[in-house]
Amino acid sequence: MESCWADRKTTKSPDLTHATLAKTITQPFLEIPMTCACSTAPTLIFPCSGGSDCGAVSDQAARKLTKDGVGKMYCLAGLGGDVAPIIANTKAAGKVLAIDGCNLDCAKKTLERVGVAVTAHVRMSDLGMEKGKTPANEANIVTVAAKGAALLAAGA
Ligand code: SF4
């Protein structure tokens, strides 16, 4: 693994100009793959990723949707932390899917707090899934992912 510049035995100082730092910091956030050749904006997916079993299912469903090419799981914590590049990229998304494990709607509310209206919202408790009774197994993950994909396809 490459060490950081401070660990390297060199007399050359790193380029810490504002322009270089800004490029370094913002570039990773901009590498969001497009999901549709006719669209210029990506579909972003935000699971609540809560500590409960339902939170785990929401997280795994978002990862499955990303793997299946439906959209790209993105960083809900970045919105909660007011991380400017993540908020900007989210506002530039073509569609936004929120997946919440229960009716507290943490993902949807976090998006709305920074001014992002969700295109589609999966609330797992509306699918009959209860916290403490919903293991993060294949069946539950597929059910939630399928609901999210269907809502996105319907544009709702
Ligand atoms: S929506 Fe429910 S399961 Fe998800 S983080 Fe919030 S309280 Fe936890």
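User: What makes a residue of this predicted model count as buried?

Analyst: A residue is buried if 20 or more other C-beta atoms lie within 10 Å of its own. In H6, the residues that satisfy this criterion are Asn 140, Ile 141, Val 144, Ala 145, Gly 148, Ala 149 and Leu 152.

User: Why are these buried residues of H6 assigned to the same side of the helix?

Analyst: They cover an arc of only 160° around the axis, and therefore they lie on the same side of H6. An α-helix has 3.6 residues a turn, so residues three or four places apart point the same way. Ala 139, Ala 150, Ala 153 and Ala 154, on the other side of H6, are exposed. The elements covering the buried residues of H6 include E1, H2, E3 and E4.

User: How do you know whether the length of H6 agrees or disagrees with the expected span?

Analyst: At 1.5 Å a residue, the 17 residues of H6 should span 24 Å. The C-alpha atoms at its ends are 24 Å apart, so the two values agree.

User: What makes Phe 46 one of the notable members of the largest nonpolar core?

Analyst: This core has 33 residues, of which Ile 45, Phe 46, Leu 97 and Ile 99 touch the most other members. Elements that each supply at least two residues of the core include strand E1 (43-47), strand E3 (95-100) and helix H6 (138-154). Not counting residues up to four places away in sequence, Phe 46 touches Tyr 74, Leu 76, Val 96, Leu 97, Ala 98, Ala 107 and Leu 111.

Conventions. Residues are numbered from 1 along each chain as its sequence is written. This is a predicted model: local features need pLDDT of at least 70, side-chain atom pairs count only at pLDDT 80 or more; totals for chains, interfaces and linings use all residues. A nonpolar core is a set of buried Ala, Val, Leu, Ile, Met, Phe, Trp, Tyr and Cys residues joined through C-beta atoms within 7 Å. A residue is buried if 20 or more other C-beta atoms lie within 10 Å of its own, exposed if 12 or fewer, and partly exposed in between; C-beta atoms are placed from the backbone. Helices (H or I, at least four residues) and strands (E, at least two) are DSSP runs, numbered from the N terminus. Two residues are in contact if their C-beta atoms, placed from the backbone, lie within 7 Å. The expected span of a helix is 1.5 Å times one less than its number of residues. The arc is that of the directions from the helix axis to the C-beta atoms.
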